[in-house]
Amino acid sequence: MSTNVADSQTSTPAAQSRPEPNATTAPADGLAPASDGFTWKRKHLLGLEDLSAEEIMHILHTAESFQEVSTRSIKKVPALRGRVVVNLFFEDSTRTRMSFTLAAQRLSADVLEFNTRVSSVSKGESLRDTVRNIEAMGVDTFIIRHPAGGAPEHITRCTDCHVINAGDGQHEHPTQGHIDIFTIRERNGRLEGLNVVIVGDIAHSRVARSNFWGLTRLGAKVTFVGPTTLVPRAFEQLGARVSHDLDAALKDADVVNMLRIQRERMTSQVFPSTEEYVRLFGLTRERMKKAKPDLLVMHPGPINRGVELASDVADGPQSSILRQVSNGLAIRMAVLFLLNQTSNGTG
Ligand code: CP
């Protein structure tokens with residue numbers, strides 16, 4: 001793609017060429033490609049619950065266009081030259097923060113890194129005042145991670161800038177959701193009809209929620225698996241299947257997404273012991289023998305080796321853990337690009 005989105009400050013990614021079709025880059029899900037004229041209108045990305053199938057697919061297609069940039073010797077395009085992106089993280093992060101920083105840099109945006117520990121938040125400055133003061137420096141996009149669900153939505157009411165949710169409490173983590181959906185579609189060529197099993201701490205997981213909204217909107221079937229304390233039956237009311245038996249759920253699974261046990265969000269002991277959890281819900285080679293031979297193994301990271309999944313599974317041929325991280329760059333480039341093409345869109 002010589003004159004593509006990547007190289008243009010105005011053209012839409014939809015209009016640009018994509019990699020040659022092959023088993024991993026030509027999904028056959030029948031949804032309209034970005035080049036079919038879909039126009040992105042949202043100013044913010046707060047979650048997948050409110051997105052249409054067309055909007056989700058447009059992000060995936062736009063990300064496909066951006067994947068090529070990371071294969072170049074000079075991994076930089078001028079799409080967001082002159083724009084300023086602020087990483088506003090109130091919670092620790094390795095993947096999301098670095099991936100957003102690199103994505104913005106590859107689009108030629110300037111990036112400001114906000115560090116809570118050495119900011120005036122420690123002197124009592126409110127979130128609203130923090131945002132408004134940074135905005136006054138002339139920035140365009142806030143990327144926010146916050147322990148409180150709804151914090152990014154709150155920020156949209158304090159600023160005229162674009163706001164991207166990089167994970168808010170137990171609510172949503174929309175770019176991780178898109179990464180996981182992108183990776184599943186890349187491997188399987190489709191989403192419609194796939195059985196996706198999401199295992200672990202569903203109750204506290206923003207990744208589980210974003211995956212659920214996006215996957216079901218695109219026609220996949222989602223089963224949540226874990227102990228009753230972490231996977232309440234109430235999730236069935238959303239349209240998910242709920243199981244407390246991983247071996248049974250794995251039998252017809254196409255994808256298994258293993259989630260981290262989030263001890264930092266738990267207020268009580270939710271399973272008797274780690275050993276008990278591993279025995280019932282840990283993914284091991286032995287357990288995978290009962291699943292389809294091409295089961296795709298996912299984890300959004302960070303992983304607890306030997307807890308959610310055994311080390312040889314995490315590093316094994318069916319694991320897409322590092323591929324998810326690589327795909328994160330293209331997804332975040334796509335989201336930054338699309339939002340910054342809008343000025344007065346809907347939220
Ligand atoms: N998957 C994910 O959000 O990882 P980080 O917490 O390291 O950003």
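Tutor: A residue is buried if 20 or more other C-beta atoms lie within 10 Å of its own, exposed if 12 or fewer, and partly exposed in between. Keep in mind that this is a predicted model.

Student: Is Val255 buried or exposed?
Tutor: Val255 lies in strand E8. The cut-off for buried is 20 or more other C-beta atoms within 10 Å. Val255 has 26 of them within 10 Å, so Val255 is buried.

Student: What distance separates the C-alpha atoms of Val255 and Val197?
Tutor: Along the chain, Val255 and Val197 are 58 residues apart. In space, their C-alpha atoms are separated by 6.1 Å.

Student: In what order do the five strands of the open sheet run?
Tutor: The pairing in this sheet is parallel. Strands E7 (241–243) and E9 (296–298) are its edges, since each pairs on one side only. Neighbouring strands are turned against each other by 20 degrees on average, direction ignored. The order is E7-E6-E5-E8-E9.

Student: Which residue of E9 is the bridge partner of Asn257?
Tutor: Strand E8 covers residues 255–258 and pairs with E9 in the parallel sense over three bridges. The partner of Asn257 in E9 is Met298.

Student: How many bridges join strands E3 and E4?
Tutor: E3 spans residues 141–146, and E4 is its parallel partner. Across this pair, Ile144 stands opposite Asn165. E4 itself (residues 162–168) is mostly covered, with seven of its seven residues buried. The number of bridges between E3 and E4 is five.

Student: Which residues surround the ligand?
Tutor: The shell divides into two nonpolar, six polar and one charged residue. Its members are Ser93, Thr94, Arg95, Thr96, Gly167, Gln176, Pro300, Gly301 and Pro302.

Student: What is the omega of the peptide bond from Gly301 to Pro302?
Tutor: Both residues belong to the ligand shell. Pro302 is found in the loop between E9 and helix H10 (311–314). The bond from Gly301 to Pro302 is cis, with omega near -5 degrees.

Student: What span should helix H1 have at 1.5 Å a residue?
Tutor: H1 has 15 residues, 53–67. Its end C-alpha atoms are 21 Å apart, which agrees with the expected span of 21 Å.

Student: How many residues of H1 are buried?
Tutor: H1 is mostly covered. Ile56, Phe66 and Gln67 are among its buried residues. Of its 15 residues, the number buried is twelve.

Student: How far apart are the end C-alpha atoms of helix H11?
Tutor: H11 has 21 residues, 321–341. At 1.5 Å a residue, they should span 30 Å. That agrees with the distance between the end C-alpha atoms, 31 Å.

Student: At which residue does H11 bend?
Tutor: H11 is mostly covered, with 15 of its 21 residues buried. Its axis changes direction by about 25 degrees, and the bend is at Asn327.

Student: How does Ser108 count, and what is its number of C-beta neighbours inside 10 Å?
Tutor: Ser108 is found in the loop between helix H2 (95–106) and strand E2 (110–115). Its phi is near 70 degrees, a positive value in a residue other than glycine. Buried needs 20 or more neighbours, and exposed needs 12 or fewer. Ser108 therefore counts as partly exposed, and its number of neighbours is 15.

Definitions and conventions
Residues are numbered from 1 along each chain as its sequence is written. This is a predicted model: local features need pLDDT of at least 70, side-chain atom pairs count only at pLDDT 80 or more; totals for chains, interfaces and linings use all residues. A residue is near a molecule or strand if its C-beta atom, placed from the backbone, lies within 6 Å of it. Ala, Val, Leu, Ile, Met, Phe, Trp, Tyr, Cys and Pro count as nonpolar, Asp, Glu, Lys and Arg as charged, and the others, Gly among them, as polar. Helices (H or I, at least four residues) and strands (E, at least two) are DSSP runs, numbered from the N terminus. The expected span of a helix is 1.5 Å times one less than its number of residues. The bend at a residue is the angle between axes fitted to the seven residues ending there and the seven starting there. Two strands pair if DSSP finds at least two bridges between them. Axes are lines fitted to C-alpha atoms, for helices over the stretch in contact, and angles run from 0 to 180 degrees between N-to-C directions.
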